[in-house]
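Student: I should like to go through the terms used for this model and see how each value supports its label. May we begin with the structure itself?

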There are 2 protein chains.
Amino acid sequence: MTVTTPRGFRAAGVAAGLKTSGGPDVALVVNDGPDTGVAGVFTANRVKAAPVLWTQEVVGGGSVRAVVLNSGGANACTGPAGFQDTHATAEHTAAALTSANPQEVGAGEVAVCSTGLIGERLPMDRLLPGVDAAVGSLGDNGADAAEAIMTTDTRPKTTVVSGDGWTVGGMAKGAGMLAPAMATMLCVLTTDAVAGSATLDAALRAATRVTFDRVDSDGCMSTNDTVLLLASGASGATPSEAELAAAVTAACHDLAQQLLADAEGATKQVAIEVVGAADEDDGVEVGRAVARNNLVKTALFGNDPNWGRILAAVGTTSAAFEPDAVDVAVNGIWVCRAGAAAEDRSKVDLSGRDVTIRIDLHAGAAEATVWTNDLSHAYVHENSAYST
Amino acid sequence: MTVTTPRGFRAAGVAAGLKTSGGPDVALVVNDGPDTGVAGVFTANRVKAAPVLWTQEVVGGGSVRAVVLNSGGANACTGPAGFQDTHATAEHTAAALTSANPQEVGAGEVAVCSTGLIGERLPMDRLLPGVDAAVGSLGDNGADAAEAIMTTDTRPKTTVVSGDGWTVGGMAKGAGMLAPAMATMLCVLTTDAVAGSATLDAALRAATRVTFDRVDSDGCMSTNDTVLLLASGASGATPSEAELAAAVTAACHDLAQQLLADAEGATKQVAIEVVGAADEDDGVEVGRAVARNNLVKTALFGNDPNWGRILAAVGTTSAAFEPDAVDVAVNGIWVCRAGAAAEDRSKVDLSGRDVTIRIDLHAGAAEATVWTNDLSHAYVHENSAYST
């Protein structure tokens with residue numbers, strides 16, 4: 001039920017000593033073809049880690065035979081030397097795969113992803129032997145790979161979505177910094193469908209737009225976010241563009257919900273459903289403004305259905321709405337109607353982990369959902385102690 | 001050293017039973033003239049509390065003889081009934097002042113400010129007798145007024161700035177929700193200078209633009225923010241526009257720093273100095289992005305000079321800069337040069353309350369400073385428990 005479920009893929013996850021915990025920290029996903037098509041979506045942060053800069057170029061080349069990923073270091077803000085490290089990792093991976101494989105792999109077909117602390121060089125003397133070990137243990141080991149990319153994640157995230165004779169598999173990591181246009185999130189999706197680059201790109205963009213892009217755990221945007229979709233064509237089946245997009249969207253949705261469920265220190269998993277919006281962009285803008293509002297998020301941590309803070313967050317947006325027309329429900333209780341108090345807020349049950357905030361703007365027929373978490377003591381603790 | 005230091009002003013602060021603590025909760029500031037000029041700056045939130053909607057109209061009329069302020073309830077998101085409450089408060093205050101004063105006061109010359117919980121009606125049966133009590137105790141009681149507007153503030157905030165034969169006095173409240181274009185912040189400034197409405201308006205806008213507008217404690221924008229500047233002309237002295245603007249700016253700066261010093265649960269007071277910006281707007285955008293970044297703020301709470309998170313926050317902006325050219329210093333130590341690690345981060349001393357983050361974009365000669373706080377356990381605690 002991982003990246004190795006679709007035919008044509010092998011994977012590995014090994015411990016190379018990058019993490020102080022000694023846990024697995026180098027993952028490898030290999031596409032044995034026959035096709036090597038790829039699509040990628042990357043962080044919108046202008047400060048991009050070296051592996052992002054490298055992998056954007058590789059994906060632009062249109063063919064990826066391997067993805068090498070490491071936890072234990074983001075290789076971000078490391079200057080030209082950091083970029084050289086990424087390049088060397090790709091070269092080393094390509095050479096090791098060429099030695100082990102019947103076919104030649106070029107460094108330009110090796111994507112690289114890194115995650116961990118920003119601003120420190122990777123220990124290449126440990127990473128490169130780790131790559132060798134990963135090449136040596138390639139097989140139906142998607143679960144190992146998913147474990148090796150974890151940082152503060154408490155559990156690996158994998159998914160599989162089945163089509164008619166073809167399959168999409170995936171793995172992801174990320175437990176904080178989830179933000180617009182994603183977050184310190186790495187995701188590798190594989191499929192054995194037959195699909196050209198344009199189809200893969202369209203499917204991946206359609207999927208991330210309504211899944212990862214609408215997860216906003218703490219409003220912070222990472223330097224390393226990468227989502228890759230690799231296609232082997234090994235099933236021989238050619239789904240329609242719509243079928244492929246639907247399957248990739250389902251896979252991304254599943255992984256995004258797993259990320260939220262494991263977000264750093266969160267006690268609530270919150271869906272902000274904006275309805276009655278003039279258009280979808282308005283819905284997303286309103287949902288995001290609520291998702292990022294620290295006063296709303298701390299109120300939810302305190303089991304407080306504080307609709308006034310929700311309305312104040314809505315009021316910071318440029319979306320079409322009249323303040324005196326907005327309705328807000330928390331877990332099904334319409335605590336605010338027409339911009340003022342309505343049903344008794346004591347009826348709201350916030351004892352569970354799942355929270356749904358529904359905001360009706362009464363400005364149109366469009367809607368959008370944004371997902372977030374609460375802001376807890378544990379979030380502060382984990383993020384104040386992470387690097388010291 | 002308060003709003004009653006300039007000549008021509010009286011004030012009062014009384015307990016009317018709006019706050020559950022029983023502390024003072026109704027404040028009154030009266031301008032006895034001879035002038036009654038006024039300027040106002042209000043929240044940019046589109047969800048505006050009833051007193052904001054009312055007071056915008058009053059200020060537009062060009063004359064204010066009294067400001068009545070209450071804590072214990074924001075009167076926001078209370079619908080048409082809430083607006084009627086504000087109107088009734090102004091009418092009641094005008095009538096009480098007319099009875100007590102030699103001169104007639106109209107409701108249209110009474111500004112109203114409220115602060116406290118959103119979404120609940122004010123207990124008018126307690127507020128109106130409180131207004132009567134305040135009128136009865138008017139005098140040189142600016143300190144009482146400053147105390148009566150406190151909510152989660154731990155201490156009152158007042159200031160005085162002296163000109164040549166004229167003075168500016170002020171009081172403010174606010175200990176959270178400080179945000180762009182201010183925050184649940186009420187501020188009343190008084191001056192005995194002779195100044196027309198246009199001069200007052202220019203002075204107040206110049207002042208708030210570089211003080212309250214650049215304080216971003218938690219990125220949340222209130223429904224009630226109001227800053228008023230009243231001029232009595234009682235000194236007979238007419239400063240130049242520049243002199244008045246400088247004094248009002250100094251008063252606002254002093255009050256803004258007091259707000260930061262008292263921000264909810266904060267352990268750090270952080271100045272983000274952006275230099276080398278292409279223009280001032282870029283500097284403000286970068287400063288604000290860093291000020292709002294929860295990962296930066298939690299790192300500071302943990303005494304962690306995590307410059308990587310700072311760079312990642314800078315990367316989310318549209319300001320002119322090259323990622324490989326940015327320098328970052330924390331408390332004087334240049335931990336990042338040219339987008340990569342530089343001086344040893346262990347040299348950074350974060351043991352004190354004051355933190356200075358200096359970011360050199362190397363993109364021009366403009367600069368701007370934005371002030372914020374860290375994100376602490378106490379912030380989460382205070383804001384998760386506030387209304388329950």
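Tutor: Copies are superposed by least squares on the C-alpha atoms of residues with pLDDT of at least 70 in both. This is a predicted model, in which local features need pLDDT of at least 70, side-chain atom pairs count only at pLDDT 80 or more, and totals for chains, interfaces and linings use all residues. Residues are numbered from 1 along each chain as its sequence is written, chains are lettered from A and ligands numbered from 1 in the order in which they are written, and side-chain values use heavy atoms, with hydrogens and water left out.

Student: What makes the relation of chain A to chain B that of a two-fold axis?

Tutor: A turn of 180° with a shift of 0.0 Å along the axis lays chain A on chain B, with an RMSD of 0.0 Å. That is therefore the relation of a two-fold axis. In chain A, the C-alpha nearest the axis belongs to His377(A), 2.7 Å from it.

Student: Why is Thr184(A) called buried or exposed?

Tutor: Buried means under 20% relative accessible area, exposed over 50%, and partly exposed in between (1.4 Å probe, protein chains only). Thr184(A) has a relative accessible area of 13%, so Thr184(A) is buried. The UniProt annotation "active site", from an unreviewed entry, covers Thr184(A); such annotations may be inferred rather than shown by experiment.

Student: Where does Thr184(A) lie in chain A?

Tutor: Thr184(A) is in the loop between strand 7 (167-173) and strand 8 (186-191) of chain A. Helices (H or I, at least four residues) and strands (E, at least two) are DSSP runs, numbered from the N terminus.

Student: Why do strand 13 and strand 15 of chain B stand at the edges?

Tutor: Two strands pair if DSSP finds at least two bridges between them. The open sheet of 6 strands in chain B has the order 13-12-11-14-10-15, with mixed pairing. Strand 13 (340-341) and strand 15 (366-373) each have a single partner strand, so one side of each is left without a neighbour in the sheet. Strand 10 (residues 269-277) and strand 15 of chain B run antiparallel and are joined by 7 bridges.

Student: Which polar contact does the side chain of Asp153(B) make with a side chain?

Tutor: A polar contact is a pair of N or O atoms within 3.5 Å; within protein, one must be able to donate a hydrogen and the other to accept it, and residues adjacent in sequence count only if both atoms are side-chain atoms. The side chains of Asp153(B) and Lys157(B) make such a contact at 2.6 Å. Asp153(B) also counts as buried, at 7% relative accessibility.
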